[in-house]
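Here is a short report on one protein chain. Keep the sequence and the 3D view open while reading.

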Amino acid sequence: GAAMMQLSLQATSLGIGVHQMAGFLPDKAAQELEIPDTHQPVVAIAIGYRGPVDQLPEGLRAREQGARRRASQDAFVHLGQWGASYDD
């Protein structure tokens, strides 16, 4: 986690985009990328420079240009037990 944070901070400071992905298949990644048995993939990360927004398909373009929406902390922060709001 700390390594990913540092990579993200450094890349962002250089104008490079970073997107960590959930739900990748480690076994399939190892096979497709010919990763030797001595190594185990544990995370998938896309790193690169952003392209022009006008080259995105319409749905993705609207999403990219739209306002960012974040879940309220009530949705994921719990105090003492699951479902107990930190505001209670």
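The lining of the largest pocket divides into 9 nonpolar, 6 polar and 6 charged residues. The model is predicted. The pocket itself holds about 790 Å³ of space. It is lined by 21 residues, and the closest to its centre are His19, Arg50, Arg63, Glu64 and Arg68. Three elements each supply at least two lining residues: β1 (17-21), β2 (44-48) and α3 (58-65).

**Overall fold**

The protein chain has 3 helices and 2 strands. From the N terminus on, their order is α-β-α-β-α. The radius of gyration is 18 Å, well over the 12 Å that the globule rule gives for 88 residues, so the chain is more spread out than a compact globule. Along its principal axes, the C-alpha trace spans about 50 × 40 × 25 Å. Of the 88 residues, 10% count as buried. Among contacts with a separation of 6 or more, 38% are made by residues 24 or more positions apart.

**Salt bridges**

Side chains of opposite charge can pair when their charged atoms come close. A search of the whole structure finds 4 salt bridges. The table lists some of them, including their closest N and O distances.

| Pair | N to O distance |
|---|---|
| Lys28 and Glu32 | 3.7 Å |
| Arg50 and Glu64 | 2.9 Å |
| Glu64 and Arg68 | 3.6 Å |

Start with the pair in helix α2. Lys28 and Glu32 both lie in this helix, which covers residues 26-32. They sit 4 residues apart, about one turn of the helix. Lys28 has 45% relative accessibility and counts as partly exposed. Glu32 has a relative accessible area of 53%, over the 50% cut-off, so Glu32 is exposed.

Now turn to Arg50 and Glu64. Their closest N and O atoms are 2.9 Å apart. What does this pair tie together? Arg50 lies in the loop between β2 and α3, while Glu64 lies in helix α3, so the salt bridge ties together parts that are 14 residues apart in sequence. Arg50 counts as exposed, at 66% relative accessibility. Glu64 is partly exposed, with a relative accessible area of 29%.

Glu64 also forms a salt bridge with Arg68, where the closest N and O atoms are 3.6 Å apart. Arg68 is exposed, at 58% relative accessibility. Which residues are joined into one network by salt bridges that share partners? They are Arg50, Glu64 and Arg68. These three residues are also among the lining residues closest to the centre of the largest pocket.

**Val53 and its contacts**

Val53 also belongs to the loop between β2 and α3. Is Val53 buried, partly exposed or exposed? Its relative accessible area is 30%, which lies between the 20% and 50% cut-offs, so Val53 is partly exposed. Leaving out residues up to four places away in sequence, Val53 touches Arg61, Glu64 and Gln65. Val53 and Gln65 are 12 residues apart along the chain, and their C-alpha atoms are separated by 8.1 Å.

**Putting it together**

Glu64 recurs in this picture. It forms salt bridges with Arg50 and with Arg68. It is touched by Val53. It is also one of the residues closest to the centre of the largest pocket.

Note on methods
Residues are numbered from 1 along each chain as its sequence is written. This is a predicted model: local features need pLDDT of at least 70, side-chain atom pairs count only at pLDDT 80 or more; totals for chains, interfaces and linings use all residues. Side-chain values use heavy atoms; hydrogens and water are left out. On a 1 Å grid over the protein atoms alone, a cavity is a set of points where a 1.4 Å probe fits but cannot get out, and a pocket is an open set with protein on both sides within 12 Å along at least five of seven lines; lining residues have an atom within 4 Å of a point. Grid points are joined across faces, edges and corners, and a volume is the space filled by probe spheres set on the points. Ala, Val, Leu, Ile, Met, Phe, Trp, Tyr, Cys and Pro count as nonpolar, Asp, Glu, Lys and Arg as charged, and the others, Gly among them, as polar. A salt bridge is a side-chain nitrogen of Lys or Arg within 4 Å of a carboxyl oxygen of Asp or Glu. Buried means under 20% relative accessible area, exposed over 50%, partly exposed in between (1.4 Å probe, protein chains only). The radius of gyration is taken over C-alpha atoms; the globule rule is 2.2 Å times the number of residues to the power 0.38. Contact means heavy atoms within 4.5 Å.
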